[in-house]
Amino acid sequence: MKQLRIRIVGGSLAGLFAGNMLQQAGHDVRIYERSRDGLACRGAGLVGQSDLLHILRLIGCEHVARVGVVAKERIYLNQDGNIAQAVNMPQTQISWDVLFETVASRIAPETYFLDRDVVDVLDGENGAELVFGDGTRETADLVIGADGLGSVVRGAVNPKDNQNRYSGYVAWRGLIPEASLPTAAALLLDRFAFYVRPGVHALGYLVPGSKGEMDIGSRRYNWVWYRKVLPSELAGTFTNLDHRTYAFSLPRGGLSNERLQALHTDAAQMLPPQFALAVEAEPSPSIQGIFAYEAPRMIGRSIVLIGDAAFVARPHTAMGVSKAAGDVMALSNYLAFETDLRTALRQFEAERISVGREIVAYGRQLGASAI
Ligand SMILES: Cc1cc2nc3c(=O)[nH]c(=O)nc-3n(C[C@H](O)[C@H](O)[C@H](O)COP(=O)(O)OP(=O)(O)OC[C@H]3O[C@@H](n4cnc5c(N)ncnc54)[C@H](O)[C@@H]3O)c2cc1C
């Protein structure tokens with residue numbers, strides 16, 4: 001295909017994968033990210049599925065997959081903290097931060113823009129127009145919506161069905177330096193640990209440090225505690241100390257002391273002692289709402305949705321990043337081999353829409369038995 005003017009909304013992994021592949025292919029690409037300060041050092045770990053490893057090879061970043069921490073086995077704990085079951089199932093948690101920074105470093109810096117909030121997208125036969133929060137506008141041959149769970153671009157493709165569906169529970173999350181995990185919880189280290197009983201689901205694992213550190217003592221412990229929250233209580237759950245209510249989560253630092261104390265009390269009563277200690281060692285937990293979304297269409301006339309903008313699957317699948325990678329590789333292929341943009345987009349959608357649906361369904365199935 002001839003060189004296209006491509007504008008990507010969202011500068012996280014889906015946007016960066018697309019930026020890399022499409023700049024490599026010679027297109028005129030710019031990436032617009034809403035965050036003011038960037039996304040560096042804000043992630044934890046992820047599982048290296050095959051599509052992720054494949055795209056890393058294509059963009060020359062395969063070394064990133066080696067920056068990870070291996071959990072040698074899975075253990076399932078009883079409430080008293082004894083191991084009920086151990087399964088020999090080694091699994092590596094790759095560093096999200098190192099992945100992000102490496103993939104971002106391959107993008108021409110003058111083409112990645114922070115603090116650019118896209119508030120609307122107008123689709124057209126011969127291109128689409130972006131509208132930014134400051135009122136400025138820009139046209140493109142193709143707009144890629146890589147703007148995640150709260151996607152604005154989604155609305156231009158699916159005006160009648162663009163809302164996420166709440167799944168009935170949230171994930172409380174903590175990410176603490178390995179050294180701050182009390183020795184009484186040392187059983188958790190180097191293992192993928194679970195505590196699962198009806199209505200309660202907690203898990204934890206080591207991830208590299210924020211700069212990719214893998215040495216003993218400089219890694220981080222990541223815990224997740226899934227808890228049911230009624231839809232009517234969701235807004236209160238996502239309201240911070242300054243009375244600001246977030247749509248999908250409560251970022252770190254937003255909890256009052258009373259809420260933190262209540263969390264510790266609940267953890268001591270409901271979780272095995274090792275997990276209760278890990279929860280207590282995190283001064284600023286965050287809360288992530290568990291949502292799902294399936295885009296009825298992934299393409300408009302001059303717009304395409306990728307990653308979480310198109311399909312949001314529950315986190316139990318651990319497939320968010322590899323799904324984004326798969327979307328980008330398919331899109332790049334069709335743009336490379338077709339001469340007509342509309343044909344390329346149709347073929348992309350035909351290939352990826354069923355994959356997205358299957359991953360969302362898989363997440364629903366895992367979630368149903370998870371809590
Ligand atoms: C900071 C961060 C840390 C993460 N850490 C992990 C992790 O440790 N492990 C893991 O498995 N997954 C993590 N994820 C999620 C994972 O990266 C995604 O599920 C998956 O890669 C799909 O990514 P995405 O780019 O489609 O969506 P997202 O990662 O959600 O990115 C969407 C991006 O679009 C931007 N954006 C949204 N709206 C607009 C707008 N209107 N205008 C401009 N920009 C906009 C957002 O600021 C965000 O950067 C993290 C995501 C983020 C943003």
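In which type of crossing, left-handed or right-handed, does H1 pass H8? In this predicted model, the crossing of H1 over H8 is right-handed. The axes of helix H1 (residues 13-24) and H8 approach within 9 Å and cross at roughly 30 degrees. Angles under 35 degrees count as roughly parallel, and H1 is therefore roughly parallel to H8. On the H1 side the contact is made by Leu13, Ala14, Phe17, Ala18, Met21 and Leu22, which meet Val321, Ala324, Ala325, Val328, Ser332 and Leu335 of H8. By class, this contact of H1 with H8 comprises eleven nonpolar residues, one polar residue and no charged residues.

Helix H8 (residues 320-337) also packs with helix H2 (residues 50-58), the two axes coming within 8 Å and crossing at roughly 50 degrees. H2 and H8 are therefore oblique to each other. The crossing in which H2 passes H8 is left-handed. From H2, the residues Asp51, Leu52, His54, Ile55 and Leu58 are in contact with Val321, Ser322, Ala325, Gly326, Val328 and Met329 of H8. This contact of H2 with H8 divides into seven nonpolar, three polar and one charged residues. Val321, Ala325 and Val328 of H8 thus appear in the contact with H1 and also in the contact with H2.

A further packing partner of H8 is helix H9 (residues 341-370), with the axes 8 Å apart at an angle of about 160 degrees. Angles over 145 degrees count as roughly antiparallel, and H8 and H9 are therefore roughly antiparallel to each other. H8 passes H9 in a right-handed crossing. In H8, the participating residues are Lys323, Gly326, Asp327, Ala330, Leu331, Tyr334 and Leu335. Their counterparts in H9 are Leu341, Ala344, Leu345, Gln347, Phe348, Glu351, Arg352, Gly356 and Ile359. The class composition of the contact of H8 with H9 is nine nonpolar, three polar and four charged residues. Gly326 of H8 takes part in the contact with H9 and in that with H2, whereas Leu335 of H8 is found in the contacts with H9 and H1.

Analysis of the internal space gave one cavity of 30 Å³ or more. The largest cavity holds about 40 Å³ of space. Its lining consists of Val69, Val70, Ala71, Gln93, Asp190, Arg191, Tyr205 and Leu206. Strand E4 (68-71) and strand E15 (200-207) are the elements that give two or more residues to this lining. The largest contribution comes from E4, with three residues. By class, five residues of the cavity lining are nonpolar, one is polar and two are charged.

Among the pockets, the second largest contains about 160 Å³ of space. The residues lining the second largest pocket are Val170, Trp172, Arg227, Lys228, Val229, Thr237, Arg259, Ala262, Leu263 and Asp266. At least two lining residues are supplied by each of strand E13 (165-177), strand E16 (220-228) and helix H6 (257-270). H6 gives the most to the lining of this pocket, with four residues. The lining of the second largest pocket has five nonpolar, one polar and four charged residues; the charged residues include Arg227, Lys228, Arg259 and Asp266.

Notes. Residues numbered from 1 in each chain as written. Predicted model: local features only at pLDDT ≥ 70, side-chain atom pairs only at ≥ 80, totals over all residues. Heavy atoms only, no water. 1 Å grid on protein atoms, 1.4 Å probe; cavity = no way out; pocket = protein on both sides within 12 Å on 5 of 7 lines; lining within 4 Å. Points joined across faces, edges and corners; volume = space filled by probe spheres on them. Axes fitted to C-alpha atoms, helices over the stretch in contact; angles between N-to-C directions. Parallel < 35°, antiparallel > 145°, perpendicular 65-115°, else oblique. Left-handed = near helix turned anticlockwise from the far one by under 90°. Contact = heavy atoms within 4.5 Å.
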